[in-house]
Amino acid sequence: MIFPVGEPNNAFAKYFVEQSYLANISKEQVLIVNVTFEPGCCNNWHVYKAPKGGGQVLVCVADQGYYHVWEKEVRKLYSGDVVNIPANFKHRHGATKNSWFFHLAKKHLQKMVHNEWLEAADDKVYYKLK
């Protein structure tokens with residue numbers, strides 16, 4: 001792993017099942033954060049709201065995780081995968097139950113773009129994922 005794991009994600013802990021960690025990689029022009037998920041860690045459903053543009057890009061840098069769009073099939077993620085998440089898509093992501101997961105999360109720093117946190121993922125569904 002070439003990026004720092006960072007500090008425990010205490011500020012957003014209520015939106016995650018299990019522990020995650022954050023390390024800011026860039027805060028200028030484009031926000032890039034290394035998000036580390038311990039095994040079994042998943043974030044709540046969320047949406048990046050934006051009147052135009054916006055959204056999020058995930059660049060998977062180590063181990064295995066999941067990306068899940070509301071009412072769609074779950075996509076398993078591996079190191080090197082890139083996920084482009086348009087604005088206003090309800091989604092979630094996290095580690096598999098047996099692996100750590102590291103991804104860079106990128107979003108544009110533009111006005112009127114914000115993240116709306118929603119309900120927690122159903123653990124029964126999440127832990128059935130292989």
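What share of the 130 residues in the chain is buried? In this predicted model, buried residues make up 42% of the chain. The surface that remains open amounts to about 7,300 Å², and carbon and sulfur atoms supply 54% of that area.

A walk along the chain from the N terminus meets strand after strand before ending in a helix, in the order β-β-β-β-β-β-β-β-β-β-β-β-α. In total, the chain holds 12 strands and one helix. Contacts across the sequence are plentiful in one particular sense: of those between residues at least 6 apart in sequence, 69% join residues that are at least 24 apart.

The largest pocket is a good place to look next. This pocket encloses about 420 Å³ of space. It is lined by 20 residues, and those closest to its centre are Phe-12, Leu-22, Val-33, Tyr-48 and Gln-56. Several strands contribute two or more residues each to this lining, namely strand E3 (20–26), strand E4 (30–37), strand E6 (46–49), strand E11 (101–108) and strand E12 (114–117). Sorted by class, the lining comprises 10 nonpolar, eight polar and two charged residues.

Two loop residues deserve a comment on their backbone. Glu-71 has a positive phi of about 60 degrees, although it is not a glycine. Its place is the loop that links strand E7 (56–69) to strand E8 (74–78), and with a relative accessible area of 70%, Glu-71 is exposed. Asn-88 also is a residue other than glycine with a positive phi, here near 70 degrees. Asn-88 sits in the loop between strand E9 (82–85) and strand E10 (91–95); its relative accessible area of 43% makes it partly exposed.

Finally, the cysteines invite a closer look. The count of disulfides comes to zero. For Cys-41, the nearest cysteine sulfur is that of Cys-42, 7.2 Å away, and Cys-41 is in no disulfide. Why does Cys-42 not form a bond with Cys-41? The two sulfurs are 7.2 Å apart, which is too far for a bond, because a disulfide calls for cysteine sulfur atoms within 2.5 Å. Both side chains belong to buried residues: Cys-41 has a relative accessibility of 0%, and Cys-42 has one of 3%.

Conventions:
Residues are numbered from 1 along each chain as its sequence is written. This is a predicted model: local features need pLDDT of at least 70, side-chain atom pairs count only at pLDDT 80 or more; totals for chains, interfaces and linings use all residues. Side-chain values use heavy atoms; hydrogens and water are left out. Helices (H or I, at least four residues) and strands (E, at least two) are DSSP runs, numbered from the N terminus. Buried means under 20% relative accessible area, exposed over 50%, partly exposed in between (1.4 Å probe, protein chains only). Contact means heavy atoms within 4.5 Å. Accessible areas come from the Shrake-Rupley method with a 1.4 Å probe; for residues, only the protein chains shown count as cover. On a 1 Å grid over the protein atoms alone, a cavity is a set of points where a 1.4 Å probe fits but cannot get out, and a pocket is an open set with protein on both sides within 12 Å along at least five of seven lines; lining residues have an atom within 4 Å of a point. Grid points are joined across faces, edges and corners, and a volume is the space filled by probe spheres set on the points. Ala, Val, Leu, Ile, Met, Phe, Trp, Tyr, Cys and Pro count as nonpolar, Asp, Glu, Lys and Arg as charged, and the others, Gly among them, as polar.
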